[in-house]
Amino acid sequence: MTTPIRLIIQQPSLAKYRVPVFRELAKYPDIDLRLLYGARPDLPNVEADEFKAEPVYLWQKNIRGQYVFWHSAQWNSASRKQADVLILTWNPRYASLVPTLLKAKAKGVRTILWGHGYSKTESPIRTMMRQSVAKLATALMFYNQRAAQSYLDAGWDPQSIFVARNSLDQGPIQNAKAAWQRHPGKLEQFRREQNLGPGPHILFVSRLDPANRLDLLVEGVAKLAAEFPNLQVNIVGNGAGEQERVRKLADARGVATHVRFVGPIYDELALAPWFLTANVFCYPANIGLSILHAFGYGLPVVTSDDLSGQNPEIEALQPGKNGLLYHHNDADALAACLHSILRNPEVAKKMSTEAVRTVAEEFSLQNMVGQMAAAVRHCATKT
């Protein structure tokens, strides 16, 4: 038998949403996976599940408002005694990254940089620094096709470019969805207990953060309330300061009775009925994996057309097919998009079908991990 490729993946933390990714990759018989991860206060760690993982101290210091990191997990892994291939966090603020890439090249260890490939606050100097670091790696692995295409357009070798589209494990979502749909009476009881009424219902699920622009959603609701007197916006998430700000705005716009703060819910089975009773999912700006969460339940998504300010998962949204993009910062445009879905159930139904197809066929966990495995095999055979 061929000896498995010894793969080490370095990460700033072991985030919950990444566990299914590493678990799936560890199933490949030709890849011997080991994860080395640090600890970040903004990225809480969870337990590994069916893959090898070790915590390694991550040094971090805030210098003039920017964190700088040194992760010995990078440097120490750049040895043929440790690994054949390394997947490293693609973040120029890791002071350990360039030394690791140079050491790996000298030792014959192949390297993959995994990350966005761009910054929301991009500038010529940031681009130059990022690409200078990228030239030291064997291959680059992006979260979406759009970022990868920008490198291809700049003349990078197509054989060294891989796209592992960020995905969610849809298993728990589909299980929770099926559990509620098997008992329609239970879902009706939930409606009554939560006083959901006839609707229509708009849903937001995420941390309450100013960057997500819930203020625009409130402004949009104020423009729709007269035509939809039973309109309800259900906001699920944590963030006391932002909740108070948005609540005051709803009061000022006269739509406080249309805006409900549910609080944080983390259990999928408890989240499911909120998705299943909604007509549309609205995340005004800065959307990420939430788009794939909503699509799993068949909800059309409305968000901003400022793609540079969105996270990589925005690539899953196909305007007019599984959701809509409104003109950024324009509450009238946001209201118009919501109106077109709420007033056209046949359009909403088609979008719902396409949303489910999108995560099942294009943004599946299996596709993501398959691309990761392809990148690893490419590097392992590269001379």
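This passage looks at one enclosed strand, its neighbours and the cysteines of a predicted model.

A good place to start is strand β10, which runs over residues 201-205. Of its 5 residues, 5 are buried, so the strand is largely enclosed by the rest of the structure. The side chains split between two directions: H201, L203 and V205 point one way, while I202 and F204 point the other way. Whichever way they point, all of them are buried.

Strand β10 has partners too. One of them is strand β11 (residues 232-236), which pairs with β10 in the parallel sense over 5 bridges. Within this pairing, F204 has I235 of β11 as its bridge partner. The link between these two strands involves helix α8 (residues 214-224), and β10, α8 and β11 together make a right-handed β-α-β unit. Another partner of β10 is strand β13, covering residues 280-282, again in the parallel sense but here over 2 bridges. In this case L203 of the enclosed strand stands opposite F281 in β13.

Next come the cysteines. A disulfide is a covalent bond between the sulfur atoms of two cysteines. The structure holds 0 disulfides. Take C282: the closest cysteine sulfur to its own is that of C337, and the two are 8.9 Å apart, so they are too far from each other for a bond. The cut-off for a disulfide is a sulfur pair within 2.5 Å. C282 is also buried, because its relative accessible area is 0%. Likewise, C379 has a relative accessible area of 0% and is therefore buried.

Methods:
Residues numbered from 1 in each chain as written. Predicted model: local features only at pLDDT ≥ 70, side-chain atom pairs only at ≥ 80, totals over all residues. Heavy atoms only, no water. Buried < 20%, exposed > 50% of the residue type's maximum accessible area, 1.4 Å probe, protein only. Helix = DSSP H or I, 4+ residues; strand = E, 2+ residues; numbered from the N terminus. Pairing = 2+ DSSP bridges. Right-handed = clockwise from strand over helix to strand, strands pointing away.
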